[in-house]
Amino acid sequence: MFRKKQYTASGSLSKLAWRKLLRNKVALVSMIFILLLVIVAVLGYGITPDSTPYANQQYLELATKKPGFEVLMLKVRKNEPLATTNIFSEMLFGAKNNYQFLPVEKYYFKDDKIFIEEYTGAVPNDGEIKSFSLADVLYSLPPEPQKTITKGNAILFRDSDGNMISENAAVLKQKIEKENIITKKFLLGTDRFGRDVLSQVIIGTRVSLSVGFISVFISLVIGIILGAFAGYFRGWVDNAIMWFINVVWSIPTLLLVIAITFVLGKGFWQVFIAVGLTMWVEVARVVRGQFLSVREKEFVEAGVALGFTNTRIIFRHILPNVLAPVIVISAANFASAILMEAGLSFLGIGVQPPMPSWGTMIKEHYGYIILNSAYLAIVPGIAIMLTVLAFMLMGNGLRDALDVKIVNKG
């Protein structure tokens, strides 16, 4: 009976660690925040106010508007084939907009046309007056000089598919007022190009988390393999690997990332690889130290005596016993990768426009800090700060929870 209880206690260390992690309120809040970021990144364009690719819908008339800004807009159907996409494709890559959005100060109907005064933001507004046929607002029409014919209260027109359509003018006006004249609100305002800042921040979340995940994955693959081989085989293998680690360790990380970026080129995937290739050194040192300690244990000697291959002993017997510090260091590396990507984007050698990135957003708008639109640089800066802080706090919580001595005391 005593043996059964002892086995149960020793087999539940992971559960004890998990309970201890959940009791750490700071780490728990950090985990929830990171989970929310992951959900936002996965949903992507499915929850952004601007669902066009890269959230790059520009309204130059609405540049640098304050958070909460509202404006009346007219949706005019583009005279081109309808672009359709499924929900998953739109969520991942965005969707082409089938409408042209025109900021409007005021509008009125006359005969078979709608007249608008474009919004300028000036006082008085003094915007350009434009007119559109009612059918052209609602339907895709062929590029012909005479698109519509009015007969009494009926409007006759031919759509882009060649079909002749007859609509009542009053019905078209009612439909336009109900569906095509909307009030658009920018919760976090607009940037200098009139793009929605909230949409840019949401898509920037996807970039930052992707850089962190892929970079950490690359660093773990390289670091675990080199560190495991150095700690297990020792001798000349350990000396050669440690010499290489020390050489890479002696080069400033940012300079090494910049050098790799120049070799691979600028872009989305190049940043992942460049950051990942500079973060493996610390992982390798930690794994090597753990392997040197565990290698002398009895279960390793038993595996050698039973004739197990070195690969099996390394990856199936020793590695699972040294993963705790690797998990902790991965959380810290995740935060470092996010900071590094933001720094590279700020320098102009990271993610390239029009793809939104928190670092790029700060680069484009840091000059507005001394003006009346400091939020354009502060919002992405706060996003970076909170994300890095969450990963660091979660890493501290994992360190405490996975510490054997602390777990046993808990």
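User: Hi! Quick one to start: is Arg234 buried, exposed or partly exposed?

Analyst: Hello! This is a predicted model, and in it Arg234 is partly exposed, with a relative accessible area of 34%. That value falls between the 20% limit for buried and the 50% limit for exposed, so the middle label applies.

User: Thanks. Where is Arg234 found?

Analyst: Arg234 is in the loop between H7 and helix H8, which covers residues 235-250. H7 is followed by this residue.

User: And what is phi of Arg234 near?

Analyst: Phi of Arg234 is near 55 degrees, a positive value in a residue other than glycine.

User: Which other residue has a positive phi, near 65 degrees?

Analyst: That would be Tyr54, again a residue other than glycine. Tyr54 is found in the loop between helix H3 (25-43) and strand E1 (69-77).

User: Why does Tyr54 count as partly exposed?

Analyst: Because its relative accessibility is 35%, and partly exposed runs between the 20% and 50% cut-offs.

User: Back to H7 for a second. How many residues has H7, and how far does H7 reach?

Analyst: H7 has 37 residues and spans 53 Å from its first C-alpha to its last. At 1.5 Å a residue, 54 Å would be expected, so the reach is close to that value.

User: What about Arg206, which helix does Arg206 lie in?

Analyst: Arg206 lies in H7, which runs over residues 197-233.

User: What is the nearest side chain of opposite charge to Arg206?

Analyst: That is Glu90, but Glu90 is 11 Å away. A salt bridge needs the atoms within 4 Å. Arg206 is buried yet has no salt bridge.

User: OK, then which backbone oxygen lies 2.9 Å from a polar atom of the Arg206 side chain?

Analyst: The backbone oxygen of Met91.

User: Which residues does Arg206 touch, leaving out those up to four places away in sequence?

Analyst: Arg206 touches Ala41, Val42, Leu43, Gly44 and Tyr45, along with Met91 and Leu92. Met91 is thus on the contact list as well as supplying that backbone oxygen.

User: Changing topic: which residues does a cis peptide bond with omega of about -5 degrees join?

Analyst: Val123 and Pro124. Pro124 sits in the loop between strand E3 (113-118) and strand E4 (129-133).

User: And what is omega for the peptide bond from Pro353 to Pro354?

Analyst: Omega is near 5 degrees there, and the bond is cis. Pro354 is in the loop between helix H14 (323-347) and helix H15 (358-365).

Definitions and conventions:
Residues are numbered from 1 along each chain as its sequence is written. This is a predicted model: local features need pLDDT of at least 70, side-chain atom pairs count only at pLDDT 80 or more; totals for chains, interfaces and linings use all residues. Side-chain values use heavy atoms; hydrogens and water are left out. Helices (H or I, at least four residues) and strands (E, at least two) are DSSP runs, numbered from the N terminus. Buried means under 20% relative accessible area, exposed over 50%, partly exposed in between (1.4 Å probe, protein chains only). Lys and Arg count as positive and Asp and Glu as negative; His and the chain ends are not counted. A polar contact is a pair of N or O atoms within 3.5 Å; within protein, one must be able to donate a hydrogen and the other to accept it, and residues adjacent in sequence count only if both atoms are side-chain atoms. Contact means heavy atoms within 4.5 Å.
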